[in-house]
Amino acid sequence: MMGGYATGALLVVLGLFAGIYVLSRLRLNFSALTMLALAAGVGVGVVFEGHLGSVEPIGRIYINLLLAIVAPLVIVSILSSITSLSSTAQLRTIGLRSVFWLLLLNALAVLLTLGLALELGLGKGADLTVGEVNTSALEAMKKPFSEVFIDFFPTNIVTDIAENNIIPIIIFSLMLAIGYALVAERIPEQVAPFKRFIDALREVIYKAVGFVIALTPYAVLSLTAVAVGRAAGQWSQMVSLLGVLVLAWVACFVHAYLIGGVLLRTVADVDPVRFYRRMLPAQLAAFTTQSSAGTLPVTTRLLRDRIGVPADIAGFTAPLGTTIGMPGCAGVWPILIAVYGVNGLGLDWGVQDYAVLVLLGILVSVGTAGVPGTATITATTVLTAAGLPLELVAITLPVSMVADMARTLNNVTSAAIAATIVARKEGRLDDAVFASDEQRTEVADQSLDPAERDVPAERAPDDPSALALYGGVPIGACAITPLEPAHPIADGTRREEQGVRL
């Protein structure tokens, strides 16, 4: 009987997949298609709770495919971005601004969470006991900061690529790219073949990304169904921790949409509503995959094609945002657990203790991995440094999986906001792309057959953002149609003014 339920769940999911395919052939908006898949996944998870083992592999395959393309995408994005810069000075300004805004967004998340948790008295009356909780697994996660810092630097790039260690990959790519830039200043003809190879590789990688992203609605349905099915079986364990879970979601959404919206309007001078609408596919992918690194291909493509962030900034800041900042995992969650523990255990903490906690929340965000489960590691690090018992992390594990959906959405949204702000501060945010009719940024045919959706177009040979301007590889909501020659940026005059070699 149990096997019958599992088979029934798989058949229902396959039937829904067929419906998604039909709707895609009818050219339904990709964002709407993904939202429908999300709603269908919730329904399947509730109906077939505990019988979704045959559905789970579908979502895991999608996540594996996303993670497989992350390292090549980061490498080719950084290399192609820097090979198109007119000077290494641009790299310095982009890098420093990216780190500043990513860390600032995390600091705001830390302060917001601390204020909400203290004001609402999170954990008061919980009467926590921590002596009997097994923390041996958490003890193994602890790392001194010196070791974390050393791990930033690559020793075996093949291993780093295999394990998706983003910061070592970024540093290795920067070494190659800066080496290219220095040689190109003296003898450009010698490195011209390298640049042509990188440009060609970029096209191939972007095409491969398109294949994976086209599967997003199907993956959202299966991942959501499995997550809801698991959560439904743990409600009894979550009752006592409901306050932590609810406040985690509130803090993440307030930070992502309210604080992020204010920064978008005041600092980046863009319409927050339009921004969030255009970044919706990336947010939904983050919400369901619970992997900031896995969502990276979606995020970078949307930033280029629908927000107007230049390829060099999108290809640098967004990957950096999967390892630095991470306000959901490094800002919100550790602070919530700490305050929950302090109040629940009746500890006497003063202003100085909370100031140290804020500092720890900011520092631990440097080197955070953008994969599922990262929040547990960051919380373990913060609580150890703050002198709080690790049992608090173990106690909150039952709700951590559900909280991770909102945490990852916050991480990805904040990285996109930082990239947009950096582009504006650099004077290179493409307002024409951002202000264009949204229907023009949707692919004409949402068919999974790339050959049917491909739109050939001329590209500016040295501009890595040519995909955003001249047609590019369609990947659902992340692709655009070609712009007419009369478009104000089609002749590249504004980009010449901005110092980018054409």
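**Packing in an all-helix chain**

Me: Among contacts between residues at least 6 apart in sequence, what share joins residues at least 24 apart?
Reply: Contact means heavy atoms within 4.5 Å. Pairs at least 6 apart in sequence are taken as the base. Of these, the share joining residues at least 24 apart is 83%.

Me: What kind of model is this?
Reply: Residues are numbered from 1 along each chain as its sequence is written, and side-chain values use heavy atoms, with hydrogens and water left out. Local features need pLDDT of at least 70, side-chain atom pairs count only at pLDDT 80 or more, and totals for chains, interfaces and linings use all residues, as the model is predicted.

Me: How many helices and strands does the chain have?
Reply: Both are DSSP runs, numbered from the N terminus: helices are H or I with at least four residues, strands are E with at least two. The count is 25 helices and zero strands.

Me: What percentage of the chain's residues is buried?
Reply: Buried means under 20% relative accessible area; exposed is over 50%, and partly exposed lies in between (1.4 Å probe, protein chains only). The chain has 502 residues. The buried percentage is 56%.

Me: How far apart are the end C-alpha atoms of helix H9?
Reply: H9 covers residues 188–213, 26 in number. The expected span is 1.5 Å times one less than the number of residues, so it should be 38 Å. The model agrees, with the ends apart by 36 Å.

Me: Which parts does the Trp249 and Phe287 pair tie together?
Reply: Rings of Phe, Tyr and Trp (its six-membered ring) pair if their centres lie within 6.5 Å; planes under 30 degrees apart are stacked, over 60 edge-to-face, the rest tilted. The structure holds nine aromatic pairs. Trp249 and Phe287 are edge-to-face, at 5.6 Å centre to centre and 90° between the planes. They sit 38 residues apart in sequence, so the pair ties together helices H12 (residues 242–268) and H14 (residues 280–289).

Me: Is Phe287 buried or exposed?
Reply: Its partner Trp249 has 25% relative accessibility and so counts as partly exposed. Phe287 has a relative accessible area of 16%, so Phe287 is buried.

Me: Which helices hold Tyr257 and Tyr276?
Reply: This aromatic pair is tilted, at 4.7 Å centre to centre and 50° between the planes. The two residues are 19 apart in sequence, in H12 for Tyr257 and, for Tyr276, H13 (residues 272–278).

Me: Which residues do ring pairs link into a cluster with Trp249?
Reply: Tyr257 is a member and is partly exposed, at 29%. Tyr276 is another member and is buried, at 10%. The partners of Trp249 in the cluster are Phe253, Tyr257, Phe275, Tyr276 and Phe287.

Me: Which helix gives the largest share of the largest nonpolar core?
Reply: A nonpolar core is a set of buried Ala, Val, Leu, Ile, Met, Phe, Trp, Tyr and Cys residues joined through side-chain atoms within 4.5 Å. The largest has 62 residues; Phe275, Met279, Leu303, Ile307 and Val309 touch the most other members. Eleven of its residues come from one helix, residues 56–83, which is H3.

Me: Which residues does Phe275 contact, leaving aside neighbours within four places?
Reply: Phe275 also belongs to the ring cluster. Its contacts are Leu264, Ile307, Ala416, Ile417, Thr420 and Phe434.
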